[in-house]
Each structure stands twice: as structure tokens, then as C-alpha cells.
Amino acid sequence: MPGGGPRIGFTPIAASAADRITVPPGYTATAFLLWGEPVGVPGNMPAFRDDAGNSAADQAVQMGMHHDGIHYYPLDGSRRGLLVMNHEYTDDGLLHAGGMVPWTAEKVRKSQAAHGVSVSEVELKDGRWQAVRPSRYARRFTASSPFAIGGPAAGHALMRTAADPAGRLALGTFNNCASGMTPWGTYLSGEENFIGYFSSADQPTAHERRWGMRKNGWGYRWHEHDDRFDAVKNPNEANRHGWVVEIDPYDPASTPVKRTALGRAAHEGAWVAVTKDGRAVVYSGEDARFEYIYKFVSRDRIRPGGAKANAELLDHGTLYVARFDAGGRGRWIPMRAGEGPLTAAAGFADQGEVVIKSRQASDLLGATKMDRPEWLAIDTATRWVYCTLTNNTARGQPGQPGVDAANPRANNTMGQIIRWKEDGDFDGEGFEWNHLVLAGDPANERPEAKGNIRGDLYGCPDGIAFDNRGVLWIQTDVFASQMNRGEFQRIGNNQMLACDPGTAETRRFLTGPVNCEITGACWTPDGRTLFINVQHPGETPSERSNPEEPRRFSNWPEFKPDGRPRSATVVIRKDDGGPIGT
Ligand code: FEO
Ligand code: CA
Ligand code: CA
């Protein structure tokens with residue numbers, strides 16, 4: 001554990017229910033890179049229309065909706081760089097004029113174009129961060145962009161479709177949640193709730209059921225106008241999603257790759273540690289109730305020379321799933337075809353099947369069913385690895401798993417942060433673990449909702465990241481339907497806090513506008529600019545706006561009388577130019 005210290009210098013702020021961003025005295029927060037702004041593709045920069053009248057073709061070269069994970073890639077140190085970010089999902093009530101009525105092929109294409117990943121060039125000019133447009137780096141990846149498939153599932157029979165009989169080139173990435181930055185300068189993005197876009201037959205297969213596929217999907221309705229998302233017509237298409245994708249933002253001509261060796265999951269994101277001998281260790285959780293935490297250890301060492309020199313690094317190695325035992329010890333269980341219960345008879349004829357069916361493999365291996373693993377963060381100074389477990393209200397309900405040491409609360413509305421340290425190096429197969437904190441409010445009546453927070457209160461931790469001074473920053477994602485009421489009455493809008501990992505003490509740094517989630521955190525190398533994302537300001541409790549009332553809950557950040565709330569990146573600077581958090 002690191003010792004406590006005067007790392008956190010700002011004056012903490014109160015919880016807030018206001019429709020604005022609040023930061024401590026001496027700090028300024030400014031929104032830019034709003035949903036719908038042109039990303040900056042030369043010769044193709046359509047302006048945003050406040051009436052949601054942009055076409056699918058416009059949206060394919062504009063910032064996507066629902067900003068999430070984000071990283072800064074320097075071009076000129078801390079003055080100019082690329083911001084690469086995910087656009088997790090869409091609110092189709094807000095995205096289209098008239099919302100989902102009528103539901104057309106053009107609206108499906110626009111929804112698909114509003115998903116994915118964007119690459120924006122930004123620079124600090126006259127004391128203000130702004131987009132550089134046009135830019136030769138500007139790029140959008142959408143639900144239709146080509147992705148190569150790497151690793152053991154490439155070319156596998158379960159990956160082949162009529163459109164891609166070789167099973168080596170998938171179209172699209174969507175529901176990209178968190179992100180990671182590799183030491184060799186690429187961007188990792190997790191395909192999270194991908195299964196919600198597919199429709200199944202009346203009687204889904206056991207495999208489809210295990211992955212949560214429903215007859216009419218989860219409400220995106222893409223399958224109604226795009227057969228690729230109809231699992232009766234294209235049963236293998238869903239297997240081509242749920243991967244960690246790797247993007248080289250510095251090469252605008254590069255084809256991104258789905259890295260199947262890391263396992264298929266409702267990946268939140270992927271975070272890279274490096275062993276003492278230079279191999280990559282990629283941690284990844286699956287944000288779903290009772291799913292798992294994974295790590296991948298590369299076979300080869302990271303080579304100097306950036307993305308090109310490490311083009312196949314994440315295709316070869318060993319995948320493990322975590323088991324957290326009582327008493328503060330745990331094991332990483334290797335997931336290898338032919339080992340232990342992962343036999344051909346059990347449905348694991350080769351490693352491709354192991355990674356495509358990683359949930360089923362983890363079930364057989366007796367891994368620990370977690371409370372929705374969200375972000376991970378690696379403390380490079382102490383080598384402890386942290387993971388947010390955001391909540392799990394099904395824990396302990398009839399027919400569901402009960403509490404265990406790592407997930408100790410039934411009807412867990414509040415979430416917790418778990419951490420572990422590997423035996424030896426990051427590739428160790430055993431570890432010690434404990435909880436940094438159980439989130440909650442001690443004023444709550446229900447013992448399971450009280451928690452043990454020291455300092456400012458929060459619930460549902462989601463984003464976490466270390467800055468280069470060793471401060472752990474925590475971001476929250478309380479559902480709009482729960483915010484500022486019941487057990488969350490005193491906790492306020494979603495927020496960002498600074499935590500000293502040595503003492504677990506938290507101080508509230510930022511509060512967001514109404515019904516948004518605060519997510520994504522990256523700094524310029526000098527630590528003097530912090531970029532975060534505000535996702536879905538004004539989201540309705542049903543997560544789909546009434547197109548007649550786009551401003552019902554929020555009109556952040558522009559507050560135009562005829563506008564609509566827009567996800568955006570927020571730049572935070574200290575007024576005296578000092579490092580963020582001091
Ligand atoms: Fe997309 Fe797990 O939050
Ligand atoms: Ca998240
Ligand atoms: Ca979340």
C-alpha cells in the first residue's frame with residue numbers, strides 16, 4: 001500500500017442535483033467535442049443540426065453519441081494530440097427527428113453510425129483546448145467499419161458468415177464502453193453489451209441463451225432493417241462481437257483488429273500492465289451480473305517500434321479467469337483447450353471455441369461470479385490492481401448466487417472496489433486481495449447500503465484511473481431512475497472523486513449535469529489537463545427520450561432553447577496552470 005500524503009490539494013465540493021458541471025474553486029471545466037460535431041475528416045465536415053435532422057452519412061463523419069472511455073495520444077507533448085474515444089450506445093429518441101416513429105432503414109444506419117469510436121485532433125491554443133479541423137488523423141469507426149480478426153478465433157468455423165466465409169474480417173464495433181492505452185501507443189476498446197443488438201429465434205440455442213440473446217433484442221431494433229443482426233439468418237454474426245479491439249490512432253490508414261486471444265465477453269475495457277521481462281498483461285472485466293474478471297499474458301515481449309512492431313503481440317498468450325477465495329487469496333485459472341474440464345466433449349475442441357465461449361468455459365472452471373466488473377486501474381508504483389464492481393441487485397435473490405467474500409452484499413445497490421496484488425510479477429497465478437471500499441451512505445437503513453466510505457459519499461463506482469501522481473480517480477454511474485432518491489438521496493448527480501489509495505479517503509472533485517454518467521479520464525503527459533466524458537446528460541429513466549420533449553431533464557451543455565442535451569468531452573484545467581488535483 002502506498003502511504004497517505006498530501007497528494008490531494010483541492011477543496012472538495014458538495015453533492016449536487018443541478019444541471020451543470022461543478023468543480024472546486026480554482027478549477028475551470030469546459031465542454032467540447034459534442035455529439036454531432038464534425039470529427040474533422042477533410043472535405044466532409046457537416047454541421048450538427050439541433051433538430052436531429054442530420055443524415056446517417058453526416059453522422060458517420062460526426063462525433064458519435066454517448067461518449068465513454070477516452071485516451072490522449074501526444075502529437076506535440078501536452079500541447080497537441082489525438083483524443084480517441086468510445087461512443088457507447090444511442091438514445092434513439094434523441095438521435096432522430098421523430099424518434100423511433102416511424103422506424104426506418106435510414107434511422108438504423110444513423111444509429112449504427114452514431115456508435116463506435118472517434119479519433120479527434122486537439123490542441124491547446126491561446127489557453128484553450130480546441131478541435132483541429134480538418135485533420136489527417138480524424139476518423140470514425142462505426143457499426144459498419146471493417147475490423148480484422150486476430151488470435152485463436154480468426155478463421156474459426158464459428159466466426160464464418162455468408163458475407164465473410166473466411167471468418168477473418170468483421171464489420172463494426174458497437175457498445176464500446178471503456179478503453180485502455182497500450183505501452184506501444186495503440187487504443188484498446190471493449191465491446192460491452194453487444195448481444196443486445198441481435199435478435200434470436202423463439203428458441204435460442206444454449207449458447208445464445210448463455211450470452212443473453214433475446215427474441216427481439218434489447219430495443220435497438222437494428223435486425224428489423226439489417227439482416228446481419230438477425231441471428232436466425234446469420235447465426236454466427238454475434239460471435240464476431242464481444243471482443244477487445246485494437247486501434248492505431250497514429251496511422252489513419254490502419255485496419256483495426258479484434259483481439260480474440262483476450263476472450264469474448266461483455267468487455268468493459270482492457271488495461272495493460274508490463275512484466276519485468278517486458279511481456280504485456282491485459283486485465284479485463286465483464287460488466288454483467290455474475291460474470292467474470294480475466295487476464296491475458298502475452299507469450300512475447302513488447303518490442304520497440306510502436307504499433308507495427310507489436311502487430312501480433314496480443315494474438316499469442318495465455319488467458320486466465322479469476323477466482324477470489326475467502327481469506328484474501330485468489331487464483332488465476334488458465335483457460336486452455338484440452339485442459340481440465342475444457343474438453344472437446346464439453347464443447348471446447350480448440351482454443352477458438354474456448355475464447356468464443358469464454359463464459360461457458362469460466363462456468364466450468366469455477367471462477368468467481370462478480371458484481372458487474374467495470375473499469376480496472378493499475379497502480380504501477382505499488383503493483384496493486386483495482387477493479388470497480390458497480391452493483392448487482394440480483395445478488396442473493398431467489399435462484400441467484402448468494403454473497404461470497406469478494407461480493408459480500410445481497411441486493412448490492414451501491415457497488416464496491418476490489419484490489420489485488422499478484423504473487424511475484426503481473427504474470428503470477430496466485431494473488432492476495434482485499435476491498436478498497438464498499439460504497440454507500442451510512443445514513444441508509446439497510447445495512448447492505450451503508451458501505452464504509454471515508455470522506456465524500458458516492459454509489460456505483462464505474463470509471464477509475466490513476467494519474468501520474470498516484471491519485472486514484474473514481475467516477476460514478478448511478479442509474480437515472482435511482483439518482484437523488486431512496487438510498488441515493490444524499491449522493492447527488494453522478495460525479496468524480498479523488499481517492500488516496502493508501503487511506504481510501506475520497507474527496508468529491510466534480511459533479512455532473514442531470515441524469516448523466518461521468519466516465520472516461522485521461523491526462524496530458526504533464527498532468528495539467530484532464531479530459532473526462534459526460535455521457536447521456538438528460539437521459540430518461542427508460543434510457544430513451546420522448547422526441548417531443550428532448551430537453552425534459554437536461555439541456556446541457558449548450559442550453560439552446562431549440563437544442564438538445566449532448567454528450568461531450570469536458571476539459572478541466574487549474575486556473576493557476578498547476579497539476580490537476582493539487
Ligand atoms: Fe458501459 Fe459497463 O458500463
Ligand atoms: Ca462503464
Ligand atoms: Ca456503468
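**Legends to an overview and close-up views of a predicted model**

**Figure 1. Overall dimensions of the protein.** With 582 residues, a compact globule would be expected to have a radius of gyration near 25 Å, and the 22 Å of the protein agrees with this. The radius is taken over C-alpha atoms, and the globule rule is 2.2 Å times the number of residues to the power 0.38. This is a predicted model, in which local features need pLDDT of at least 70 and side-chain atom pairs count only at pLDDT 80 or more, whereas totals for chains, interfaces and linings use all residues. Residues are numbered from 1 along each chain as its sequence is written, chains are lettered from A and ligands numbered from 1 in the order in which they are written, and side-chain values use heavy atoms, with hydrogens and water left out. Along the principal axes, the C-alpha atoms fill a box of roughly 60 × 55 × 50 Å. The protein has 7 helices and 31 strands; these are DSSP runs numbered from the N terminus (helices: H or I, at least four residues; strands: E, at least two). Of the 582 residues, 62% count as buried, where buried means under 20% relative accessible area, exposed over 50% and partly exposed in between (1.4 Å probe, protein chains only). Contact means heavy atoms within 4.5 Å; among contacts between residues at least 6 apart in sequence, 65% join residues at least 24 apart.

**Figure 2. Close-up of Thr-519 in strand β29.** The strand covers residues 517–523. Thr-519 counts as buried because its relative accessibility is 0%. Its side chain makes a polar contact with the side chain of Asp-68 at 2.6 Å. A polar contact is a pair of N or O atoms within 3.5 Å; within protein, one must be able to donate a hydrogen and the other to accept it, and residues adjacent in sequence count only if both atoms are side-chain atoms. Apart from neighbours within four places in sequence, Thr-519 is in contact with His-67, Asp-68, Trp-375, Gln-475, Ile-532, Asn-533 and Gln-535.

**Figure 3. Close-up of helix α7, residues 358–365.** Because 6 of its 8 residues are buried, α7 is largely enclosed by the rest of the structure. The buried residues are Ser-358, Arg-359, Gln-360, Ala-361, Ser-362 and Leu-365. They pack against the helices α4 (206–210) and α6 (351–356), and against the strands β15 (289–291), β16 (293–301), β17 (317–325) and β18 (329–334). Gly-366 follows α7 and has a positive phi, near 75°.

**Figure 4. Close-up of Tyr-220 in the loop between α4 and β11 (244–247).** Tyr-220 is buried, with a relative accessible area of 10%. Its side chain makes a polar contact with that of Tyr-197 at 3.4 Å. Beyond residues up to four places away in sequence, Tyr-220 touches Tyr-89, Thr-90, Asp-92, Met-100, Trp-103, His-115, Asn-175, Gly-196, Tyr-197 and Arg-544. Tyr-89 lies 131 residues from Tyr-220 along the chain, and their C-alpha atoms are separated by 9.4 Å.

**Figure 5. Close-up of Arg-551 in the loop between β30 (529–535) and β31 (568–574).** Arg-551 is partly exposed, with a relative accessible area of 34%. Neighbours within four places in sequence aside, Arg-551 is in contact with Lys-560, Pro-561, Asp-562, Gly-563, Arg-564 and Pro-565. The C-alpha atoms of Arg-551 and Val-117 are separated by 26 Å, and the two residues are 434 residues apart along the chain.
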